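Thanks for sharing this one with me. I have gathered my comments as numbered points, so that you can follow them with the coordinates open.

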Amino acid sequence: MTQGGWEHVYSGKVRELYRHPDLPGRMLVVATDRVSAYDHVLEPGIPGKGALLTRLSSWWFRQLAAHPNHLTDDGAELVPADLTDRSMLVRELDMFPVECVVRGYLSGSGWKEYQATQTVCGIPLPAGLNDGDRLPEPIYTPAYKAPQGEHDENITFERTVELVGPDAAEALRSASLEIFARASAVAETRGVILADTKFEFGTDRETGELTLADEVLTSDSSRYWDADLYATGERTASFDKQIVRNWLSANWTGEGVPPTLPHEIVEQTAARYAELIERLGA
Ligand code: Q0Z
């Protein structure tokens, strides 16, 4: 897209970043329909995914209005009409190189580490927990944002202090835990469990304020579970790309180019994203 003067600045796995010469200090975050799993972008995309996840993110920013965020309307008239439903116009922040992960439940890499050491990212946890169990309280488990192509690295709070200084480290932790508590409470009233999520923050160059950035609480950055199913003991039915991951792990050795997703997997995944939006009322 060099459409209407927008200049492409960066491609992520599933999103694109643009700038406009007439909008200094602004950026356009464009969500595509691409889906990634096990570090590969898969074919085909999930029709409507970019718009659904943008809607979810925008809705959460509104729910979380108590916390400053990067969204802006200033320059909205320059956003191409065909991108409005899958883009967010944002203020450019000075980003912290830390992914602020909060976990309310034991799952994924957290469950793996727990089995080995009874800790998650170095935080000691009670004995006897099982995969999918709720933690006594949500924990903050930051990761260092590795340069493109490298894997993010889980870090301790002490390492975060070394990276960003004690005041910012504390502010990132407390904002992350506060936002997670608020979001889990909202989700719970709608029969959805927020198991874990990842926030990113930056500093607003004009106000100096700690500002919530990037996408927030989407199915790409979070694990959501159905509360009714969870209560029955079913803990794998998440509202994210788990359907894609399950199909891929059963149909691919991990060597070479991943196989094309079958139509029914694409449709089921799209339906799952839509169901989350509907449940939350987003
Ligand atoms: C976000 C990303 C990609 C979309 C940089 N408000 C902001 N200020 C400064 N930087 C960012 C933001 Cl959101 C920023 N990312 C991640 C990559 C598409 C978002 F390719 N990178």
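1. Asp196 sits in strand E14, and in this predicted model the residue is buried, with a relative accessibility of 9%. Please look at its side chain beside that of Arg223: the two make a polar contact at 2.6 Å. Setting aside residues up to four places away in sequence, the residues that Asp196 touches are Val102, Arg103, Ser107, Phe180, Ser221, Ser222 and Arg223. Arg223 therefore appears both as the polar partner and in the contact list of Asp196, which rests on heavy atoms within 4.5 Å.

2. Strand E14 also carries Lys198, and here a salt bridge comes in. The side chain of Lys198 meets that of Glu99, with N to O at 3.9 Å. Glu99 belongs to strand E8 (residues 98-105) and Lys198 to strand E14, so this pair links distant parts of the chain, 99 residues apart. Are the two partners buried or exposed? Glu99 counts as buried at 11% relative accessibility, and Lys198 is buried as well, at 18%. Since the cut-off for a salt bridge is 4 Å, you may like to check the 3.9 Å distance of Glu99 and Lys198 by eye.

3. How many salt bridges does the structure hold? There are 21, and another one worth a look is the pair Arg205 and Glu92, whose closest N and O atoms are 3.6 Å apart. Arg205 is in the loop between strand E14 (192-204) and strand E15 (210-213), while Glu92 is in the loop between strand E6 (87-91) and strand E7 (93-95), so the salt bridge ties together parts that lie 113 residues apart in sequence. Glu92 is buried, at 18% relative accessibility.

4. For a local counterpart, turn to helix H7 (residues 263-280), which holds both Arg279 and Glu275. Their side chains form a salt bridge at 3.6 Å, N to O, and the two residues are 4 places apart, about one turn of the helix. Arg279 is partly exposed, with 25% relative accessible area, and Glu275 is partly exposed too, at 30%. Elsewhere, salt bridges with shared partners join Arg19, Glu92, Asp94 and Arg205 into one network.

5. Now for the helix packing. Two packed helices are described by the angle between their axes and the distance between the axes. For helix H1 (residues 49-63) and helix H4 (residues 166-188), the axes come within 11 Å and cross at roughly 110°. H1 and H4 are therefore roughly perpendicular to each other, and their crossing is right-handed. On the H1 side the contact is made by Trp59, Trp60 and Gln63, and on the H4 side by Arg182, Ala183, Val186 and Ala187.

6. H1 also packs against H7, at an angle of about 25° and with the axes 10 Å apart. That angle makes H1 roughly parallel to H7, and H1 passes H7 in a left-handed crossing. From H1, the residues that meet H7 are Lys49, Leu52, Leu53, Arg55, Leu56, Trp59 and Trp60. Their counterparts in H7 are Ala270, Tyr273, Ala274, Leu276, Ile277 and Leu280. Trp59 and Trp60 deserve a moment on screen, as they take part in the contact with H4 and also in the contact with H7.

7. Which residues does His67 touch beyond its neighbours within four places in sequence? They are Glu178 and Ile179. His67 itself is placed in the loop between H1 and E6 and is buried, with a relative accessible area of 17%.

8. A last stop is Val9, found in strand E1 (residues 7-11). Val9 counts as partly exposed, at 36% relative accessibility. Leaving out residues up to four places away in sequence, Val9 touches Leu17, Tyr18 and Arg19; Arg19 is also one of the members of the salt-bridge network in point 4. Met27 lies 18 residues from Val9 in sequence, and the C-alpha atoms of the two are 9.3 Å apart.

Definitions and conventions
Residues are numbered from 1 along each chain as its sequence is written. This is a predicted model: local features need pLDDT of at least 70, side-chain atom pairs count only at pLDDT 80 or more; totals for chains, interfaces and linings use all residues. Side-chain values use heavy atoms; hydrogens and water are left out. Buried means under 20% relative accessible area, exposed over 50%, partly exposed in between (1.4 Å probe, protein chains only). A polar contact is a pair of N or O atoms within 3.5 Å; within protein, one must be able to donate a hydrogen and the other to accept it, and residues adjacent in sequence count only if both atoms are side-chain atoms. Axes are lines fitted to C-alpha atoms, for helices over the stretch in contact, and angles run from 0 to 180 degrees between N-to-C directions. Angles under 35 degrees count as roughly parallel, over 145 as roughly antiparallel, 65 to 115 as roughly perpendicular and the rest as oblique. A crossing is left-handed if the near helix is turned anticlockwise from the far one by less than a right angle, and right-handed if clockwise.
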